[in-house]
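User: I am new to this structure and would like a close look at one part of it, a single loop residue and its backbone, followed by a connected account of the surroundings. Please explain each term as it comes up.

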Amino acid sequence: MATTKISSTKSTSRAINYAEERAEEKSALNCDIDYAKSSFKATREMYGKTDGNQGHVVIQSFKPGEVTPEQCNQLGLELAEKIAPNHQVAVYTHNDTEHVHNHIVINSIDLETGKKFNNNKKALHDIRQANDEVCQSHNLSIPEEKAKLRYTQAEQNMIDKDKYSWKNEIRMAIEETKDKAINFEEFNTLLKEKGVQIARVTKNNITYEHLEENKKVRGNKLGDTYDKGGLEYGFRVEKQRRELEESKPIEPKQAEQRERDWSTFAQTTNSIEQDRKRHEREEREREEEKRRIKEKNRRIGEERIRQAEREREIVRKSKGFDLEL
């Protein structure tokens, strides 16, 4: 079972010194691992943010015997790419306790915005969710799933009394279909067979509709695994699984044997990262185009107002001229 916790640090240099001294494996995101301390410092100085917390440390710990130190480090790097994609991150793997674990040191500054990483309850929640997604994609154990579900008090009372809950039917339909699709279109087709459909997908949310009850609910109201982000990650994992299946030669099945191709894992991790950056770039371009159109319309509106003023001025002057005549 992989667990995570996060703490802040006033000195990333001390955090790195401690983590690096005992590390069996190490890797980095957005910097050279051998120059992490100086790179972190240079970025903070460049943005003029040298006071307060310099960074944060995530401890990612695995069940004894579940992963090797090398695999643990790669999983730590994948987690870093999910929780701090625009930050400089150094990942150090320790194997000096019963649980092989990572010290993931995150520099506080976002390289794109210059803003600081916000370490709060939501950040811890997001880190744990991301860690669970990383582990699930590699068939590793995760903490108890029950905490990921969200029930209103009324719904919980109905479930406790074995009464019907249309929201729970939506959850069941999603559970039976979400790991079989690679996009929302496929997912919606499978859902409709269960009496549920996607009512709406926005930038950050997804809304489901129970067809028989004609009732709707947002995914984040049902639980973490039913929101848009969780689904999109599952789509990418399923797509990569299909691609791997198509590329593999047909081999006899080995009963109850789990194989992990860690070389492919590194490649697919990079693919996910590139895909994420492309989507973010496209989103920024769309926002910029909207801004340009809005600015253009504003200028056109102002010009129309000025033109109307000029026309009124001409009419006023012409009336004055008539009176003089």
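Analyst:
**A loop residue and its setting**

At 47% relative accessibility, Asn139 counts as partly exposed, a class that lies between buried, under 20% relative accessible area, and exposed, over 50%, as computed with a 1.4 Å probe on protein chains only. This is a predicted model, in which local features need pLDDT of at least 70 and side-chain atom pairs count only at pLDDT 80 or more, whereas totals for chains, interfaces and linings use all residues. Residues are numbered from 1 along each chain as its sequence is written, and side-chain values use heavy atoms, with hydrogens and water left out.

Asn139 sits in the loop that runs between helix 4 (121-137) and helix 5 (153-160), where helices (H or I, at least four residues) and strands (E, at least two) are DSSP runs numbered from the N terminus. Its backbone deserves attention, since the phi of Asn139 is near 60 degrees, a positive value in a residue other than glycine. Asn214 also has a positive phi, near 55 degrees, and is likewise not a glycine. Asn214 is placed in the loop between strand 7 (206-210) and strand 8 (215-218), and with a relative accessible area of 57% Asn214 is exposed.

A further loop residue, Glu66, belongs to the stretch between strand 3 (55-61) and helix 3 (69-83). Glu66 is buried, at a relative accessible area of 15%, and its C-alpha atom is separated by 8.9 Å from that of Val100, which is 34 residues away along the chain.

These loops belong to a chain that has ten helices and eight strands. Of its 325 residues, 38% are buried. Among the contacts (heavy atoms within 4.5 Å) in the chain with a separation of 6 or more, 67% are between residues 24 or more positions apart.

The helices themselves can be considered in pairs. Two packed helices are described by the angle between their axes and the distance between the axes. The axes of helix 1 (residues 12-21) and helix 2 (residues 36-46) come within 10 Å and cross at roughly 165 degrees; here axes are lines fitted to C-alpha atoms, for helices over the stretch in contact, and angles run from 0 to 180 degrees between N-to-C directions. Helix 1 and helix 2 are therefore roughly antiparallel to each other, given that angles under 35 degrees count as roughly parallel, over 145 as roughly antiparallel, 65 to 115 as roughly perpendicular and the rest as oblique. On the side of helix 1 the contact is made by Thr12, Ser13, Ile16 and Asn17, and on the side of helix 2 by Ala36, Lys37, Phe40 and Arg44. These residues divide into three nonpolar, three polar and two charged, where Ala, Val, Leu, Ile, Met, Phe, Trp, Tyr, Cys and Pro count as nonpolar, Asp, Glu, Lys and Arg as charged, and the others, Gly among them, as polar.

Helix 7 (residues 184-192) and helix 9 have axes that come within 11 Å and cross at roughly 100 degrees, which makes helix 7 roughly perpendicular to helix 9. Phe184, Glu186 and Phe187 in helix 7 meet Lys228, Leu231, Glu232, Phe235 and Arg242 in helix 9, and the residues of this contact comprise four nonpolar, no polar and four charged.

Arg242 also takes part in a salt bridge with Glu238 (3.0 Å, N to O), a salt bridge being a side-chain nitrogen of Lys or Arg within 4 Å of a carboxyl oxygen of Asp or Glu. Because Glu238 and Arg242 are four residues apart in helix 9 (residues 228-247), about one helical turn separates them. Glu238 is buried, at a relative accessible area of 8%, whereas Arg242 is partly exposed at 26% relative accessibility.

By this rule the count comes to 19 salt bridges. One of them joins Glu287 and Lys290, whose closest N and O atoms are 3.9 Å apart; both residues lie in helix 10 (residues 262-324), three residues apart, about one turn of the helix. Glu287 is partly exposed, with a relative accessible area of 37%, while Lys290 is exposed, with 53%. The side chains of Glu303 and Arg310 also meet in a salt bridge (3.0 Å, N to O), with Glu303 partly exposed at 34% relative accessibility and Arg310 partly exposed at 39%. In addition, Glu288, Glu289, Arg291 and Arg292 are joined into one network by salt bridges that share partners.
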